[in-house]
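Biologist: Let us go through the packing and the cysteines. Please give cut-offs as you go.

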Amino acid sequence: MAKVVVFGVGQMAEVAHFYLTHDSEHEVVAFTLDREYIEDECHFGLPVIPFDEIESSFAPSSFAMFVPISYRKVNKARAEKYAEAKQKGYELVSYVSSKATTWPGLSIGDNCFIFENNVIQPFVKIGSNVIMWSGNHVGHHTKIGDHCFIASHAVISGSVVVEPYCFIG
């Protein structure tokens with residue numbers, strides 16, 4: 001279990017907060033955002049801290065982070081904040097829905113957001129910073145690179161290589 005700071009306060013951050021709160025062992029303790037976008041000091045009753053000073057309130061030695069930014073700039077916006085959070089020393093948690101179908105030995109990187117009704121067959125390798133929305137099928141021996149976004153109801157056959165920064169929808 002980790003105490004988690006979620007990056008953002010928009011819809012993706014709200015969805016992340018919901019899933020982490022209702023379907024994970026993690027506890028969301030705060031939100032963080034670039035200073036120029038902060039409008040309120042609280043969101044869902046939790047503090048919103050400027051990203052440039054997050055370490056002083058929520059030290060990387062005691063807190064993890066989750067960066068659920070969508071596919072803006074073909075996933076590059078999420079990749080940038082992911083890299084900045086890692087550079088600050090944060091562990092980035094991944095979320096895999098309890099309602100996803102997975103098999104033993106699934107290889108998954110950090111900061112992944114895998115929603116319900118994904119079917120992920122044996123021998124699949126998922127890189128870091130990947131979002132897989134609801135209802136996808138990922139066939140055996142497939143490799144999904146870092147920083148990808150797979151929208152709902154995509155079918156990826158077995159032994160496919162999805163390169164980094166891809167959007168499939």
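Modeller: Contact means heavy atoms within 4.5 Å. The model is predicted, so local features need pLDDT of at least 70 and side-chain atom pairs 80 or more, while totals for chains, interfaces and linings use all residues. Numbering starts from 1 along each chain as its sequence is written, and side-chain values use heavy atoms, without hydrogens and water.

Biologist: Which residues is Phe58 in contact with, beyond its neighbours within four places in sequence?

Modeller: Set those neighbours aside. Phe58 then touches Val5, Val29, Ala30, Pro47, Ile49, Phe63 and Tyr90.

Biologist: How many residues are in the largest nonpolar core?

Modeller: A core joins buried (under 20% relative accessible area, 1.4 Å probe, protein chains only) Ala, Val, Leu, Ile, Met, Phe, Trp, Tyr and Cys through side-chain atoms within 4.5 Å. Phe58 is among the residues with the most contacts inside the largest one, as are Val4, Val6, Ile54, Met65, Phe66 and Phe113. Strand 1 (3-7), helix 1 and helix 3 are among the elements that each supply at least two of its residues. The size of this core is 39 residues.

Biologist: How many residues does the second, separate core have?

Modeller: Its members include Ile114, Met132, Cys148 and Ala154. The count is 14 residues.

Biologist: Why does Cys112 form no disulfide, and how far is the closest cysteine sulfur?

Modeller: A disulfide needs two cysteine sulfur atoms within 2.5 Å, and the count by that rule is zero. Cys112 is buried, with a relative accessible area of 0%. The closest cysteine sulfur, in Cys148, is too far for a bond because the separation is 9.6 Å.

Note on methods:
Buried means under 20% relative accessible area, exposed over 50%, partly exposed in between (1.4 Å probe, protein chains only). Helices (H or I, at least four residues) and strands (E, at least two) are DSSP runs, numbered from the N terminus.
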